[in-house]
Amino acid sequence: VVPYDVDNVRIRYYANNKAVAYAWGYDLRIGGEFIRGSESWFSLGVLSTRENVAGDSSNVYDDNGENVIARNPVGFIRRPSDQRVTMGIFFQDHLPKNPSVRMYLNLLIGTGLPFGPPASPDNRATLKAPPYRRVDIGFSKVLSLSDRSTWLGRRFESIWMGVEILNL
């Protein structure tokens with residue numbers, strides 16, 4: 001595989017395919033209608049991605065911590081996409097007397113991604129970012145266009161209008 005590093009929003013690819021990597025994981029979702037006519041679900045994802053870059057090594061220092069006395073192979077390290085656990089909850093509801101007015105709430109929590117100091121190949125993926133947390137909320141209204149004599153009614157059966165607040 002081609003190893004890469006993430007530097008803020010820039011992805012820096014290595015010059016050649018000089019790594020062996022693996023990925024394993026699973027994603028589970030249980031869903032249903034907690035409120036009749038409204039979708040809801042819980043999800044859990046687990047992912048592990050690791051790579052072994054050929055020729056990478058780290059310094060071994062003397063007892064004083066000043067002089068490099070050897071280089072040790074690093075072995076498998078976490079890839080930048082290695083987000084171990086992700087959990088999600090999606091809940092949707094509507095007004096009891098008017099099901100065309102809906103609300104949804106989406107919650108996502110994920111463990112931190114690995115990173116290292118820039119321009120320091122010895123310290124790739126040695127640190128972990130804080131957990132990722134996100135909450136979104138949205139409101140929508142379905143407008144039924146039953147009047148087929150109008151221009152809009154001839155082209156559409158209904159229109160969804162919505163407002164979302166992301167990263168609440």
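Which residue forms a salt bridge with Glu51? The partner is Arg79, and the closest N and O atoms of the two side chains are 2.5 Å apart. A salt bridge here is a side-chain nitrogen of Lys or Arg within 4 Å of a carboxyl oxygen of Asp or Glu. The model is predicted, so local features need pLDDT of at least 70 and side-chain atom pairs count only at pLDDT 80 or more, while totals for chains, interfaces and linings use all residues. Residues are numbered from 1 along each chain as its sequence is written, and side-chain values use heavy atoms, with hydrogens and water left out.

The Arg79 and Glu51 pair links distant parts of the chain, 28 residues apart: Arg79 is in the loop between strand 7 and strand 8 (85-94), and Glu51 is in strand 4 (residues 38-53). Strands (E, at least two residues) are DSSP runs, numbered from the N terminus. Arg79 counts as buried at 12% relative accessibility, and Glu51 is buried at 0%. Buried means under 20% relative accessible area, exposed over 50%, and partly exposed in between (1.4 Å probe, protein chains only).

The structure holds 6 salt bridges. Another of them joins Arg78 to Asp82, with the closest N and O atoms 2.5 Å apart. Arg78 counts as buried at 14% relative accessibility, as does Asp82 at 0%. Arg134 pairs with Asp136, the closest N and O atoms being 3.0 Å apart; here Arg134 is partly exposed at 23%, whereas Asp136 is buried at 6%. Salt bridges that share partners also join Asp5, Glu51, Arg79 and Arg124 into one network.

Asp5 appears again at the largest pocket. This pocket holds about 650 Å³ of space, and Asp5, Val6, Asp7, Phe115 and Gly116 are the closest to its centre among the 25 lining residues. A pocket is an open set of points on a 1 Å grid where a 1.4 Å probe fits, with protein on both sides within 12 Å along at least five of seven lines; lining residues have an atom within 4 Å of a point. Strand 1 gives the largest share of the lining, 4 residues.

On the surface, Val20, Tyr22, Trp24, Tyr26, Leu28, Leu44, Phe76, Met87 and Ile109 make a nonpolar patch of about 840 Å². Such a patch takes residues with over 30% relative accessible area and no salt bridge, nonpolar side chains being joined within 5 Å. Strand 3 (residues 19-35) gives the most to the patch, with 5 residues. Val20 lies in strand 3 and is exposed, with a relative accessible area of 54%.

Note on methods: Grid points are joined across faces, edges and corners, and a volume is the space filled by probe spheres set on the points. Patches are made of residues with over 30% relative accessible area and no salt bridge: like charges are joined within 9 Å, nonpolar side chains (Val, Leu, Ile, Met, Phe, Trp, Tyr) within 5 Å. Accessible areas come from the Shrake-Rupley method with a 1.4 Å probe; for residues, only the protein chains shown count as cover.
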